[in-house]
Every structure is written in C-alpha cells, then in structure tokens.
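Visitor: I have a new model open and would like a tour. Could you walk me through its architecture?

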Amino acid sequence: MIDRRAMLGATVALTAAPMALHAAGKAKPFNPAFPKGFLWGTATAAHQVEGNNTSSDVWFLEHQKPTVYAEPSGDAANSFLLWEQDLDLVKSLGLNTYRFSLEWARIEPEQGLFSIAMLDHYKAMIEGCHARGITPVVTFNHFTTPRWFAALGGWHGDDAPALFARYCDRAARHLAGGIAYATTLNEPNLSGKLGELLPGDLLGADKEMVEAAAKALGVALYQPGNPLYTPDGARTQRHLLEGHRLGRAAIKAVRSDLPVGVSLAMLDEQAAPGLPKGAVSLRDAKREHFYGEWLRLAKTDCDFLGIQNYERSVWTDKGKLPNPSGAVTNTMGAEVYPPSLAGVARYAHAQTNLPIMVTEHGVGSEHDEIRANLIPAALTELKKAMDDGVPVIGYCHWSLIDNYEWVFGYRIRFGLCELDRATFKRTPKPSAGVLGRIARANSV
Ligand code: BGC
C-alpha cells in the first residue's frame, strides 16, 4: 500500500528545497521555463498498442506451450486501426510530439518480402502527425522482430546486422522524408542481460519456451528481438552494436540530415555513501557492464542519445541497497525516485557529449497520483540539469495509454490514459492533465 502522506510530503520537500536554499542565499533561483521548441511528448511501441501483430516473434511465443507471457497481446489497444484517435489524443493532451515504432514484422512479414501497404500505413501516421502539428519521433525497431528473423536465431545470427540494415534502408526510402528524429533500436544495451534485472527465475522458463518454439518450427535456435535467454550474450551484443551502425548508415544514406540515435535503458546508478575505508562501490563496474560499449559507440555513431529511465540503483561494494524505508514504490515494488531521470541525463551527456532526448520515462502503477507527482518532480530536476549545461531536446512520457507490458501482460499500467480493453475507449487520467499543463506552459 502507498503511504499517500509520505508521498505528498516528499513532493512538497522537493519543490520547496530550491526556494529555501535561495532564501539562504546559497543557490540561484530555479528557472522553471523550458527552452523554446522543447519537445513534449508521449511514447508507445507497435507491439504493445497495435494489436494482432501476428507475424512477430513475440506473438508466436505468447502462444507457445509453455510460455512466460502472462497473457497474449491480442488486440492490444487496437492502435493499428485507431492510430488517428491516438494522434488526436496526443494533441488534445497539449503535447507536441509522439514517439512510436515501425513494426518490422508487418513491413517485412517474410524474409525479403516488403509490404508497400504497411509502409503506407506508417507514412499515413507520419503525415497524420504533421497535419496535427505533432513532431514524429520514430523508432525503427522496438524489441519485436519478424518471426522468420527469430527463427534464423535473431540477433545471435551472423546475418542479423545486414538483414536489419536492409529493412532500415527500405523503410527509410519510404518514410524518412517525414520523420523528425529516428532511433534504430530500443534498449539494445539490456539484450541478453534482462535476466539479471527481472525478478524471480524467468530465465529457466524462458529457455524452455524458446526451445519449444524452435522445435515447433524445426530450427536450431529461436531467439526473439529482446531475448531473456540467449546462448551467447556477448555475440548478441556484438551483432546489435553492428546492427545499429549499419542501420543508422542505411537511414543516413537516404537522408543525411535526419538525426538518428539509439535509445538506451539507463538506471541512475549511484555509489552508496559512507562505505567503510577501502571499500569500492560496484557502481562504476555496473555502469561499464550495462552502458559502456553503447555510450562509446554513441559518441561516434549517433546524432543524439535517447535515454529511458524508470529507477535508480544504489550500490555498495557488495551489491544493491534495498529501497529506503518509506519509499514510494511502483507495482513491481521498486522505489519511485524522481531525480533519477536527471541523474541519467547528466551521466549520459557527460559520457557522450551528445544532445539528449528522453525517449521514455514513467512509472508502472495503478495509482495515478504517483505518476502525477512524479512528472513535475522529475522535470524540475531535469530542468536543473539543463541549466547546468545538459542539452535536452525533449521529454516523451511512457506511455500514452495503458498497454501490453510484455511478459507481465496488461497488469502493469504505465498509461497517461486508461484503456477499456473491450471498447478500446481511451480516458485521460489526472497525470495526463499534469503533463499537458506543463507542456502548454513550456514550464514546470
Ligand atoms: C520499454 C517499453 C516498456 C517500458 C516499461 C521500456 O523498457 O522500452 O517497451 O513497456 O520500459 O517497462
């Protein structure tokens, strides 16, 4: 249960602190105004909202026996048909940006077979954004890959980077003209490392599921785009890094002035204070493990860096500290810590010197007041980081609507809007009003 008083207290403390310091003459006054042209948006991903993504790797796994998916994605939010409603919703909330993903499994449902009709569908979405004054931020691949790609071993396979680049080339030739910002891959840095972060022993069950899928298709390895189990994590990572490089090059070859980046999942990794003399926090080792290679690649092969943050981790020399007592928590029991987003923005920029776009930030919770409090508190800290010199282009809240949260099914809710799964009606929650007011005012 959430202690609402504790939470309100925390929010008040956060917003009151700068003024108190200012009164004591110790800090410059906080400037709540964001720069002109700041992108205020919300994010979704194809498989999680479109519904009936039947040619995808994940759809096939949802229907395996055994499966680790709590329930199938089914119709999701029916956004494949209702995308115009979604764009109207983005606009009506007062936002000026929409991050969504192209579904590779629809565009190339069989190897080498590209669907012009599906490319036209995404073209209409991009044009629909422009018609409403919404900036389209387009992810070329958000986890799901075509089933045939997974049956070739997914990102484990040697041809994976070239196959991805061919898809990027084809999609870019049809769509790049209207895209404002593009990202290649979503959170590739965690691929093959998710087992270390998710609760419980999903890994063993996941292996059984993908083995059943491989058997059903008569192939050696079925590896989905965002694998939990992988026979060789280092090889999968190598191919993803190369996939980003080649994919970005293919997009830039079509439109060299289109900014292309990658979105990384980043926790605000912190060193626990007060360690005994000689003890070294695991923080730096964790940073290297989860982000090192990608941040180095980003320096040379990205025009901007997308950051996706939901949490912080505080590391001693032995492991991760538990939540502080009285912490506000999300549905999964992790601490909701508003300054984590700014912490990540500062670190990501310091490491890469790139402009930063918040391509995801949010909270999985059925208690919308947690979301409504998180948004202004996190944005206040983000603005302070910007005032300290971190160039942030925009903020996309995850997510527009409650949607399919992968293995957890529909139970975990990230939406600014509630979804009625029977009628597909979208209903804005109070947090949507909070973000919309900030966006309209361009000030937190
Ligand atoms: C992913 C989304 C996911 C969200 C919330 C991110 O890791 O990009 O697909 O739904 O976090 O867990």
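Guide: Happy to; what follows is a set of questions and answers on this predicted model.

Visitor: Which strands close into the barrel, and in what order?

Guide: Eight strands take part, and their pairing is parallel. From one strand to the next, the twist averages 25°. The barrel order is β1-β2-β3-β4-β5-β7-β9-β10.

Visitor: In strand β2, what is the bridge partner of G41?

Guide: Strand β1 covers residues 39-43 and strand β2 residues 97-101; the two run parallel and are joined by three bridges. In β2, the residue bridged to G41 is T97.

Visitor: At about what angle to β2 does helix α6 run?

Guide: Helix α6 is made of residues 116-131. This helix lies across two strands, β2 and β3 (135-141). Relative to β2, the angle of α6 is about 170°.

Visitor: Which strands does α13 lie across?

Guide: Helix α13 runs at about 165° to β10. As 16 of its 20 residues are buried, α13 is largely enclosed by the rest of the structure. The strands that α13 lies across are β1, β9 (356-361) and β10 (392-398).

Visitor: How far apart are the end C-alpha atoms of helix α13?

Guide: Let's start from the expected span: at 1.5 Å a residue, the 20 residues of α13 (368-387) should cover 28 Å. The model agrees with that, since the C-alpha atoms at the two ends of α13 are apart by 29 Å.

Visitor: Which elements do the buried residues of α14 pack against?

Guide: Helix α14 (residues 430-441) has twelve residues, and its first and last C-alpha atoms are 17 Å apart, close to the expected 16 Å. Its buried residues are S431, A432, V434, L435, G436, I438 and A439. They pack against β1, α13, β10 and β12 (426-428).

Visitor: Which helix gives the most residues to the largest nonpolar core?

Guide: In general, nonpolar side chains of soluble globular proteins tend to be buried together. Here the largest nonpolar core has 90 residues, and W40, F140, Y167, L305 and I307 touch the most other members. The helix that gives the most, with eight residues spread over 160-175, is α8.

Visitor: How many residues are in the second, separate core?

Guide: Among the members of this second core are F60, L61, A150 and A151. The core is separate, and its residue count is 25.

Visitor: Which residues of α14 does W40 contact?

Guide: Beyond its neighbours within four places in sequence, W40 is in contact with residues including F34, L95, N96, T97, L379 and Y395. Its contacts also include three buried residues of α14, namely L435, I438 and A439.

Visitor: Is Q223 buried or exposed?

Guide: Q223 sits in the loop between α9 (202-217) and α10 (233-254). Its side chain makes a polar contact with the side chain of T230, at 2.9 Å, and among the residues Q223 touches are A150, W155, H156 and Y229. Its relative accessibility is 1%, so Q223 counts as buried.

Visitor: Where are the cis peptide bonds that join K65 to P66 and W398 to S399?

Guide: Most peptide bonds are trans. The K65 to P66 bond has an omega of about 0°, and the W398 to S399 bond has an omega near 15°. P66 is in the loop between α3 (57-62) and α4 (79-92), and S399 is in the loop between β10 and β11 (417-419).

Visitor: What is the relative accessible area of N78, a residue with positive phi?

Guide: Most residues other than glycine have a negative phi. N78 is not a glycine, yet its phi is about 55°. It lies in the loop between α3 and α4. N78 is buried, because its relative accessible area is under the 20% cut-off, at 13%.

Visitor: Which residues of strand β8 point the opposite way from R312 and V314?

Guide: In a regular strand, side chains alternate between the two faces of the sheet. Strand β8 spans residues 312-315, and all four of R312, S313, V314 and W315 are buried. Pointing the other way from R312 and V314 are S313 and W315.

Terms used: Residues numbered from 1 in each chain as written. Predicted model: local features only at pLDDT ≥ 70, side-chain atom pairs only at ≥ 80, totals over all residues. Heavy atoms only, no water. Core = buried A, V, L, I, M, F, W, Y, C linked by side-chain atoms within 4.5 Å. Buried < 20%, exposed > 50% of the residue type's maximum accessible area, 1.4 Å probe, protein only. Contact = heavy atoms within 4.5 Å. Expected span 1.5 Å × (residues − 1). Pairing = 2+ DSSP bridges. Axes fitted to C-alpha atoms, helices over the stretch in contact; angles between N-to-C directions. Polar contact = N/O pair within 3.5 Å; in protein donor to acceptor, adjacent residues only side chain to side chain.
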